[in-house]
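Have the coordinates open? Let's walk through them together, one question at a time.

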Amino acid sequence: MEEITQDGDNNPLEFKNRIDLSELQTSVAQIKSELGKVIIGQQEMIQLLIISILANGHSLIEGVPGVAKTVTAKLLAKTMNVGFSRIQFTPDLMPSDILGTSIFNVKTAEFEFKKGPIFSNIILIDEINRAPAKTQAALFEAMAERQITMDGTEYKMQAPFLVFATQNPIEQEGTYRLPEAQLDRFLFKIKVNYPSLEEEIQILENKHQQKNKAVEDLIKPILTAKQIAAHQDTIKEIIIEQNLMKYIAGIVNSTRVNANLYLGASPRASIAIMDASKAMAAINGRDFVTPDDIKKVAVAILGHRIILTPEREMEGLTPEKVVTQIIETMEVPR
């Protein structure tokens with residue numbers, strides 16, 4: 001790698017990127033600045049959501065009610081000048097309420113497909129685990145293939161197509177556990193914790209100062225669909241060395257032979273880690289992936305794709321702890 005300083009002398013602490021990341025970094029900084037007008041703390045959630053946009057992946061946000069899951073996803077969508085659709089999941093929601101339905105047109109004597117709210121760019125699904133399995137299944141094709149098939153006809157989703165879904169912890173009343181196949185469609189499962197005492201005080205102060213202003217009015221759009229596509233293309237060009245690919249494969253393979261796990265992660269998880277680590281590198285101003293990039297995204301990618309053995313679950317072990325243990329025992333490439 002070419003190492004230069006402003007005066008042209010060699011300096012091992014400075015480097016010149018082979019890929020221009022200036023526009024991408026500016027966009028990310030502007031998005032964080034806009035969200036910072038309303039959202040206090042939750043930096044990890046915001047970072048991972050931005051990575052999911054750059055890596056073109058869907059995200060599942062889990063936390064108790066009232067920790068700004070929905071607000072953050074909604075305001076993030078507001079920073080993008082693209083179509084937005086919000087769907088509130090309920091126990092009586094039907095697949096046609098999401099996908100759309102065929103309606104008979106009396107004038108033409110033919111059935112016409114009326115598109116549902118899933119046909120947008122940014123889809124916010126609120127409380128996804130309150131709807132039954134039949135409705136969950138309606139999302140499979142849309143999330144995985146960016147299309148739906150209705151009455152034998154394929155309907156493509158317009159890019160960008162990203163799903164941000166929120167859910168309450170499964171221990172709460174009236175929730176369903178999402179099937180493994182659907183969880184695997186999400187790039188990240190982001191767990192949101194309570195704010196610290198200092199952050200909560202700041203939340204109260206901000207709310208008091210806002211008076212009657214709607215929080216949505218404080219956010220201005222930063223990115224167009226064309227810019228999002230350009231940034232996603234840039235992420236694909238980020239360099240990852242072969243030894244880091246082996247490192248990723250080793251981490252994922254370890255989940256399949258771990259005695260604490262009943263189910264390990266699939267190759268889709270390996271691809272997700274590679275794509276997300278490229279986005280993490282780009283956000284940090286580098287055109288190459290490091291082991292730290294991989295470590296930072298691995299837990300949020302693998303935690304929802306593995307299943308503990310019943311014995312370990314009863315002992316209070318969590319999937320995230322197992323992933324952390326695996327990463328700590330893996331030899332880091334040099």
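The questions below go through the sheet, one helix and some aromatic rings of this predicted model.

Q: In what order do the 5 strands of the open sheet lie?
A: The pairing in this sheet is parallel. Strand S2 (84–88) and strand S9 (186–191) each pair on one side only, as edge strands. From one strand to the next, the twist averages 15°. Reading across, the order is S2-S5-S8-S1-S9.

Q: Which residue in S5 is the bridge partner of Arg86?
A: S2 and strand S5 (residues 122–126) run parallel and are joined by 5 bridges. In S5, the partner of Arg86 is Leu124.

Q: How far apart are the end C-alpha atoms of helix H11 (residues 267–283), and what span should its 17 residues have?
A: The expected span follows from a rise of 1.5 Å a residue, taken over one less than the number of residues. For the 17 residues of H11 that gives 24 Å. This agrees with the model, where the end C-alpha atoms are 25 Å apart.

Q: Is H11 mostly covered or mostly uncovered, and how many of its residues are buried?
A: Buried here means under 20% relative accessible area. Among the residues of H11 that meet this are Ala269, Ile273, Lys278 and Met280. The buried residues pack against several elements, including helix H1 (22–36), S9 and helix H12 (291–302). H11 is mostly covered, and the buried count is 12 of 17.

Q: Which residue with a positive phi follows H11?
A: Just after H11, the chain has a residue whose phi is near 80°. That residue is Gly285.

Q: What kind of pair do the rings of Phe104 and Phe111 form?
A: The structure holds 4 aromatic pairs. In the pair of Phe104 and Phe111, the ring centres are 5.3 Å apart and the planes meet at 65°. Planes over 60 degrees apart count as edge-to-face. The pair is therefore edge-to-face.

Q: Is Phe111 buried or exposed?
A: Phe104 has a relative accessible area of 45%, so Phe104 is partly exposed. Phe111 has a value of 61%. The cut-off for exposed is over 50%. Phe111 is therefore exposed.

Q: Which ring does the charged end of Arg185 sit over?
A: Two arginines can be looked at here. Arg286 lies over the face of Phe288, at 5.7 Å from the ring centre. The charged end of Arg185 is 5.4 Å from the centre of its ring, which belongs to Phe140.

Technical notes. Residues numbered from 1 in each chain as written. Predicted model: local features only at pLDDT ≥ 70, side-chain atom pairs only at ≥ 80, totals over all residues. Heavy atoms only, no water. Pairing = 2+ DSSP bridges. Helix = DSSP H or I, 4+ residues; strand = E, 2+ residues; numbered from the N terminus. Axes fitted to C-alpha atoms, helices over the stretch in contact; angles between N-to-C directions. Buried < 20%, exposed > 50% of the residue type's maximum accessible area, 1.4 Å probe, protein only. Contact = heavy atoms within 4.5 Å. Phe/Tyr/Trp six-rings, centres within 6.5 Å; stacked < 30°, edge-to-face > 60°. Lys NZ or Arg CZ within 6 Å of the ring centre and 35° of its normal.
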